[in-house]
Amino acid sequence: MFDYTFQWGQAMARLPRMLDGAVVTMQIAVLSMALGIALAILLTVLRLSGSRPLMAVATTWVEIARNTPALFQIYMAHFGVASFGLYLSPFASILVGITFNNAGYLTENFRGALKAIPDTQSRAGRSLGMSQIQAFRYIVMPQMLRISFLPMTNQMVWAILMTSLGVTVGMNSDLYGVTQDLNALTFRTFELFAIAAVIFYVITKTITLGGRLIASRLFRY
Amino acid sequence: MIDIQNVRKSFGDLEVLKGIDLTVERGEVVTVIGGSGSGKSTLLTCINGLEPINGGKITIDGTEVHARSTDLNKLRTKVGIVFQQFNAFPHLTVMENVTLAPRKVLGMGRAEAEAIAEKQLRHVGLADKLSTYPSRLSGGQQQRMAIARALAMSPGYMLFDEVTSALDPQLVGEVLETLKMLAEEGMTMILVTHEMSFARDVSDRVAFFHKGVMAEIGAPDQLFGAPRHPETQAFLSKVR
Amino acid sequence: MFDTSLTLRDLMFLAEGAGVTILVTAISVVIGTLLGILFGVIRTQLGPVLSAPLTFVLDIFRSVPLLIQLVLGNAFVGMVLQIQISGFTVACMVLSLYTSAYCAEIVRGGIEAVPETTRRAARSLGMTWGQDMRYIVMPLATRVALPSWIGLALGVMKDSALVYVVQVTELLKSTQILITRLQEPLFLLLICGAFYFIISFPLARFGGYLERRWSND
């Protein structure tokens with residue numbers, strides 16, 4: 001029964017290419033997080049705007065991001081958007097898809113964080129002559145981002161894991177894509193994907209532990 | 001000059017200010033006393049434009065606070081307010097707490113704002129806490145920082161809303177000392193307080209609020225020594 | 001009017017895919033939850049040091065893309081063990097373990113949310129460990145855990161879209177097959193997305209409601 005011979009050497013020889021893929025994976029994740037945070041701040045402002053149509057935009061975004069599969073969102077970015085004559089490259093599709101997902105989940109995290117900041121904070125800012133936007137920008141938002149820091153590292157882990165879905169829209173330069181291409185050449189499926197799994201594990205653990213370390217060092221108040 | 005004319009204010013069905021008239025001249029210290037729910041704190045937030053009013057008008061140096069054309073943000077730089085809760089900005093150091101508004105609202109440079117902040121913080125006795133975060137400060141220190149933060153805007157008027165009510169008893173004294181110092185320097189102030197002997201000590205006039213009405217106003221010796229209104233008498237006999 | 005070449009038969013094909021999605025999800029959530037409760041209780045009982053190996057293994061399921069877990073599971077069973085089992089079975093096995101890893105965290109969080117003093121009070125009344133667990137810890141822990149568990153179950157449903165990689169044709173894969181044939185990506189994707197949304201949205205709202213209600217007392 002156990003006559004399968006593992007050939008780790010053959011797979012390990014491909015490690016440099018896989019590490020190149022890991023760099024692309026991290027690039028996608030970092031970019032999608034940076035864009036996702038910026039969009040989530042914008043969506044949060046829309047939610048607080050008091051304007052019904054703007055609040056509806058934010059709510060729709062958040063609920064679609066949270067209640068449909070990430071893979072569906074990536075398909076929409078690739079195949080769905082193409083229906084409007086807008087063709088996104090595999091890289092752009094995966095970036096747009098993950099960013100959309102990040103922004104939705106992060107907005108929900110920000111909503112929770114805002115609950116922990118008393119109204120009197122914004123009021124104190126206003127009493128010093130700040131406009132509503134200034135009070136949000138300088139007083140509420142920094143506190144919101146700090147409270148959300150650990151949830152943001154969780155979302156970063158999700159972003160890393162989601163990059164593996166890029167293969168469904170033709171992405172082949174990220175870690176999963178590279179691994180799949182190598183698999184088609186060598187058929188060392190188990191070995192190659194096991195190595196990819198270890199690389200993913202190291203990346204996500206580094207983010208989780210690094211995030212905790214930064215949080216305990218940085219936020220002294 | 002702060003001129004309050006027939007101001008009415010309701011929260012839903014509850015009318016908390018039922019036509020208040022009060023004029024505060026420059027350099028004057030007016031203390032407002034009264035039971036809880038008498039509307040005294042609400043009046044302060046209305047003066048600062050943090051709450052809209054339902055009738056009457058409030059004018060500060062000729063600018064009507066609740067007029068549509070009034071730039072409230074600009075007006076608020078002239079009228080400082082300190083609240084019962086200290087409202088320290090927890091993510092900023094003491095220095096940053098005080099310099100934030102001068103820099104972002106008044107557009108001051110960092111060096112200028114820090115010079116002013118340092119002066120105000122020394123004034124309230126926090127010169128050694130500049131790079132400390134508020135969570136490391138006592139309640140009394142946080143409240144003094146809040147006072148310095150308001151003073152750094154160089155306001156013409158200061159409003160104090162029960163600023164010692166949330167403090168442990170042993171910390172009340174240091175904050176009252178700071179207020180007294182400001183009064184002696186000639187700052188125009190309206191204070192809402194429960195500290196009766198302090199009110200008697202620093203005020204030019206004392207107003208007694210009862211159920212949304214200013215029942216009585218007068219010099220401290222008169223109001224505390226020979227109150228005319230029966231509700232004032234009842235209130236003072238209870239708090240003594 | 002709206003023009004589409006989607007036929008009733010195609011719709012049935014999609015419905016079949018939706019059925020597979022629900023079936024895979026239901027099986028994985030049931031098995032995963034049972035395993036998760038077991039793992040979660042073991043972790044709280046053994047303490048962090050003794051349960052470290054279990055913690056490590058479960059952590060892998062949360063740190064490696066599900067797609068890779070499915071590929072590895074499939075390769076392990078098919079190429080290494082050389083057992084012939086269906087992709088459906090592999091999908092359910094991997095998703096169950098995946099679910100159990102998250103569920104164990106939720107269970108542990110729920111149990112740890114029960115104050116030690118409450119448990120000591122129960123034991124001081126002469127309750128056994130089992131009685132304490134049954135009448136005190138579980139009811140209280142459930143309140144903390146249930147909203148998160150609903151979130152997990154919905155997460156598994158959404159993640160089940162990835163089982164296409166082991167040749168299981170669930171809803172999203174069926175949609176993709178039709179897209180290739182009919183060339184109407186937007187319309188088909190909207191139908192597919194609506195299906196997930198209609199199931200997920202009300203349940204997610206309900207979970208949020210429970211969380212708010214129970215965090216108030």
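Two strands count as paired if DSSP finds at least two bridges between them. In this predicted model, strand S9 (residues 205-210) and strand S10 (residues 213-218) of chain B clear that bar, pairing in the antiparallel sense over five bridges. Together S9(B) and S10(B) make a hairpin, with two residues between the strands. One residue of the turn, B:Lys211, has a positive phi of about 50 degrees. Across the pairing, B:Phe209 sits opposite B:Met214 in S10(B).

That hairpin is one piece of chain B, whose secondary structure adds up to nine helices and ten strands. Some of those strands build an open sheet: four of them, in the order S2-S1-S4-S5, with antiparallel pairing. At the edges of this sheet are strand S2 (14-24) and strand S5 (63-64) of chain B, each of which pairs on one side only. Further in, strand S1 (residues 2-11) and strand S4 (residues 55-60) of chain B run antiparallel to one another and share five bridges. A sample of that ladder is B:Ile4, whose bridge partner in S4(B) is B:Ile58.

How does chain B look as a whole? A compact globule of 240 residues would have a radius of gyration near 18 Å, and chain B has 18 Å, so the two agree. Along the principal axes, the C-alpha atoms of chain B fill a box of roughly 55 × 45 × 30 Å. Of the 240 residues in the chain, 47% count as buried. Contacts in chain B also reach a long way along the sequence: taking those between residues at least 6 apart, 62% join residues at least 24 apart.

Next come the other two chains, starting with what the records say. For chain A, UniProt places the feature "domain: ABC transmembrane type-1" (unreviewed entry) at residues 22-211. In the model, residues 22-211 of chain A are 82% helix and 0% strand, and the end C-alpha atoms of the span lie 19 Å apart. For chain C, UniProt puts the feature "domain: ABC transmembrane type-1", again from an unreviewed entry, at residues 18-199. Residues 18-199 of chain C come out as 84% helix and 0% strand, with 11 Å between the end C-alpha atoms.

UniProt also lists, under "transmembrane region" (unreviewed entry), residues 20-42, 49-70, 76-98, 144-166 and 186-204 of chain C. Two of these spans can be looked at individually. Residues 49-70 of chain C are 86% helix and 0% strand, and the end C-alpha atoms are 30 Å apart. Residues 144-166 of chain C are 70% helix and 0% strand, with end C-alpha atoms 35 Å apart.

Which chains share the most contacts? Two pairs of chains are in contact, and of these it is chains A and C that share the most. Here 30 residues of chain A are in contact with 29 residues of chain C. On the chain A side, helix H3 (52-67), helix H4 (70-82) and helix H10 (189-218) each supply at least two residues. The largest share, ten residues, comes from H10(A). Sorted by class, the side of chain A that touches chain C has 20 nonpolar, seven polar and three charged residues.

Chain B meets chain A through a contact that takes 20 residues from chain B and 18 residues from chain A. Helix H2 (72-78) and helix H3 (94-104) of chain B each give at least two residues to the side that touches chain A. H2(B) provides the largest share of that side, four residues. By class, the chain B side has ten nonpolar, seven polar and three charged residues. Chain B and chain C, on the other hand, do not touch, and their nearest C-alpha atoms are 24 Å apart.

Finally, there is the nonpolar interior. The largest nonpolar core has 191 residues, and those with the most contacts inside it are A:Ala196, C:Leu70 and C:Ala91. Helix H4 (residues 87-112) of chain C gives the largest share of this core, 14 residues. As for C:Ala91, once its neighbours within four places in sequence are set aside, the residue is in contact with C:Val24, C:Leu70, C:Val163, C:Val166 and C:Val168.

How values were computed. Residues numbered from 1 in each chain as written. Chains lettered and ligands numbered in written order. Predicted model: local features only at pLDDT ≥ 70, side-chain atom pairs only at ≥ 80, totals over all residues. Rg over C-alpha atoms; globule rule 2.2 N^0.38 Å. Buried ≥ 20, exposed ≤ 12 C-beta atoms within 10 Å, placed from the backbone. Contact = placed C-beta atoms within 7 Å. Nonpolar A, V, L, I, M, F, W, Y, C, P; charged D, E, K, R; others polar. Core = buried A, V, L, I, M, F, W, Y, C linked by C-beta atoms within 7 Å. UniProt positions renumbered as here; feature names shortened; annotations may be inferred.
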